[in-house]
Each structure stands twice: as structure tokens, then as C-alpha cells.
Amino acid sequence: MARSSFCQQLKALLYRNLLLKKRNKAGTIMEIVFPIYFVGLLAFVKSISTPDVQRSVGSFHATSVLLFEFSLLGGKPLAVTPNTSHVRNALDTICETGRKTMNCMFYPSVASLEGARSRNQSSVPIAVIFNSDYDYTIKMAYDSVPNTATPYDSDGGHCREVILGLNCPAHKYDDSGFVFMQAAIDIELMKMLGVKKESRVNTRLMPKAEHVPDTSYIRYISAMYFVLAYSFFACFLVINLVHEKEKKIKDGLRMMGMKDSAFWCAWSIIYSVLIILVTIIITVIAGLSGFLKHSNMVLFFK
């Protein structure tokens, strides 16, 4: 082997490695079957876990807002500021109507209202602050109404039923009494402006488009599965190399003039052929199972 060329050495080492693979049939079969088994298992899980597609909802039934339903406030007091004649006239009907279930408390200024709330938050659960004669703000506890800073249903998979008490942030406006209070104040202010027309307030959810649940997590799981599947090649290659190291086989070949480049090239060719064979089978499985239906199988193979 000392006078042999690189190609001759490579040919001899390839033949030797093929004989080793042929003798160790169990290990060779495991190298081929295990990656296919893992990917096939992943494709099977993907096929049986089809997402539950929610149909589009063109329109929702309107929910009528029953004015002066202050029982929804649960007997909580209503804090109002400032304590002026205009504000008292605006809220006179509301406070009189809800006297049995609600107690109106007037504060001279916002500072006094905030002071009362800082001393006891439960004493001021709902507050109406008039900024001007016809401009007001309703303040409630932060958990009573949804957070308007972030979209509560960005993916469109929630709030598809008109059921009060349902875990839908949009319904909190009805459940908390916010809509009832706003409608009642608006009607009283319109009366003060001379608007005598009877007003009816309804709430309605916006239409919902068809929603397909996000299954992107499968892509992340599949990435780990593919790494795990092909890790068996590295495992068996290390076993072969360690075995030759222990038996001094590689040292003996070096003494006979073997080149390291031919040794590593022979093992690389053997495992490249095995990996290509397994990848072809995995690509066929992925294509037939629709695992990556929107991907190009040629790119997947590469």
C-alpha cells in the first residue's frame, strides 16, 4: 500500500468499509430504519392532528343594552366629580333610579376622589369624572374592562359566541356595567341638550373571518425530530471509529502507507450514500403524507 496511489487506497478502503457494513447487518439496518421511523412517526402525528378550522361569522346577534340596569354594578357605589349643579342635574335621574342598588358619592375634585380611592380602593370601584359640561370619563378597576393597549383577539380565534360571562374580553364592557353606565349618562346629557328622542343602545361583535389555528409549533418539533433522526449516523460512525482505534486497525493501516485523506474520504462516501438513500425515502414519505404540502420537495431534499 506504500506505493499505491490515492485512488487505489480509496478503492480498497471503500471495499473494506462495505464488507464491515455487510457483516454488521443489524447495525446497518438500524442506521437506515431509525431515521425513517422517526420521520414516519412525525408524519403520522401530523396527519391525525388536523386543525379545527372555525368557519367565518358574517354577523352576530345584537345584544340590547337595558338602560338603568344598575344591578349589574353589584351594589358598588358610583363616585362622581366635580360636585357642581350641572353634574348633579346630569346624574340626578341616574342616582334616583339606581338608589336601591347604587349609592352616588360626589367629590369636589379629582384629587379628593383619588385620595379616597388611595385610602380604600373598594370604596371607589367606579368613577365618573366630568372634564367639562358634556365631556366625561368613566374609570373602572383595571381588571373590569379589557386592556385597550393590546389587541385581545389578534389571531381571530376567540369571541365567536354572544354569551355574557364567556371568556371574551369584549364582553367585559357588558358584564362590568360600563356600557350601561355610558348609555345612561349619554341619554341624560342629550336630554339636557333638548334631544327628546328615545334612544336604544345595542352592542354587536364585529364579523369574524375563517380561522385556522396556528400549527407552526409542528415545524419547530419537526426540526428537532430531523436532527434526532440523522443523529444515528453520527452515533454509528463514532462506534466504528472507536472500535478501529481500540483494535489498532487504523495504526496498522498507517504503517502500511495508508493516507489519512483516503481513510476519511472512504468513510465519508459510505455515509453520504446512506444519508442520500434515507433522505430520498424521507422525502417521499413527507410528500405522500402532505407533511409539507406548501413546500417544494426538491428544496426539502436539499
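**Entry 1: the hairpin.** I started with strand 4 and strand 5, which form a hairpin with 5 residues between them. This is a predicted model, so I keep that in mind throughout. Strand 4 covers residues 126-130 and runs antiparallel to strand 5, with 5 bridges joining the two. I looked up who faces whom: Phe130 stands opposite Tyr136, and Val128 is placed opposite Ile138.

**Entry 2: two faces of strand 5.** Which residues of strand 5 are on the covered face? I found Tyr136, Ile138 and Met140 there, while Thr137 and Lys139 sit on the uncovered face. That fits the textbook rule that side chains in a regular strand alternate between the two faces of the sheet.

**Entry 3: the whole sheet.** Next I stepped back to the sheet, an open one of 4 strands in the order 3-2-4-5, with mixed pairing. Strand 3 (104-106) and strand 5 are at the edges; each has a single partner strand, so one side of each lacks a neighbour in the sheet. On average, neighbouring strands here are turned by 20° against each other, direction ignored.

**Entry 4: helices across the sheet.** I then checked what lies across these strands. Helix 4 (residues 110-119) lies across strand 2 (78-81), strand 4 and strand 5, at about 155° to strand 2. Helix 6 (residues 178-192) lies across strand 2, strand 4 and strand 5 too, running at about 160° to strand 5.

**Entry 5: aromatics.** I counted 8 aromatic pairs in the structure. One of them is Phe34 with Phe232, edge-to-face, at 4.7 Å centre to centre and 70° between the planes. This pair links distant parts of the chain, 198 residues apart: Phe34 belongs to helix 2 (residues 25-48) and Phe232 to helix 7 (residues 217-246). Phe34 is partly exposed at 29% relative accessible area, whereas Phe232 counts as buried at 17%. Both rings belong to one aromatic cluster with Tyr37 and Phe38.

I also noted Phe263 and Trp264, an edge-to-face pair with 5.3 Å between centres and 80° between planes. Phe263 is buried, at 2% relative accessibility, but Trp264 is partly exposed at 41%. Over at Phe106, I found Arg88 lying over the face of the ring, 4.1 Å from its centre.

**Entry 6: cysteines.** How many disulfides does the whole structure hold? My search gave 0. For Cys265, the closest cysteine sulfur is in Cys7, 9.3 Å away, which is too far for a bond. Cys265 is partly exposed, with a relative accessible area of 26%. Cys235 is partly exposed as well, at 42%.

Note on methods. Residues are numbered from 1 along each chain as its sequence is written. Side-chain values use heavy atoms; hydrogens and water are left out. Buried means under 20% relative accessible area, exposed over 50%, partly exposed in between (1.4 Å probe, protein chains only). Two strands pair if DSSP finds at least two bridges between them. Axes are lines fitted to C-alpha atoms, for helices over the stretch in contact, and angles run from 0 to 180 degrees between N-to-C directions. Contact means heavy atoms within 4.5 Å. A disulfide is a pair of cysteine sulfur atoms within 2.5 Å. Rings of Phe, Tyr and Trp (its six-membered ring) pair if their centres lie within 6.5 Å; planes under 30 degrees apart count as stacked, over 60 as edge-to-face and the rest as tilted. A charge sits over a ring if NZ of Lys or CZ of Arg is within 6 Å of the ring centre and within 35 degrees of the ring normal.
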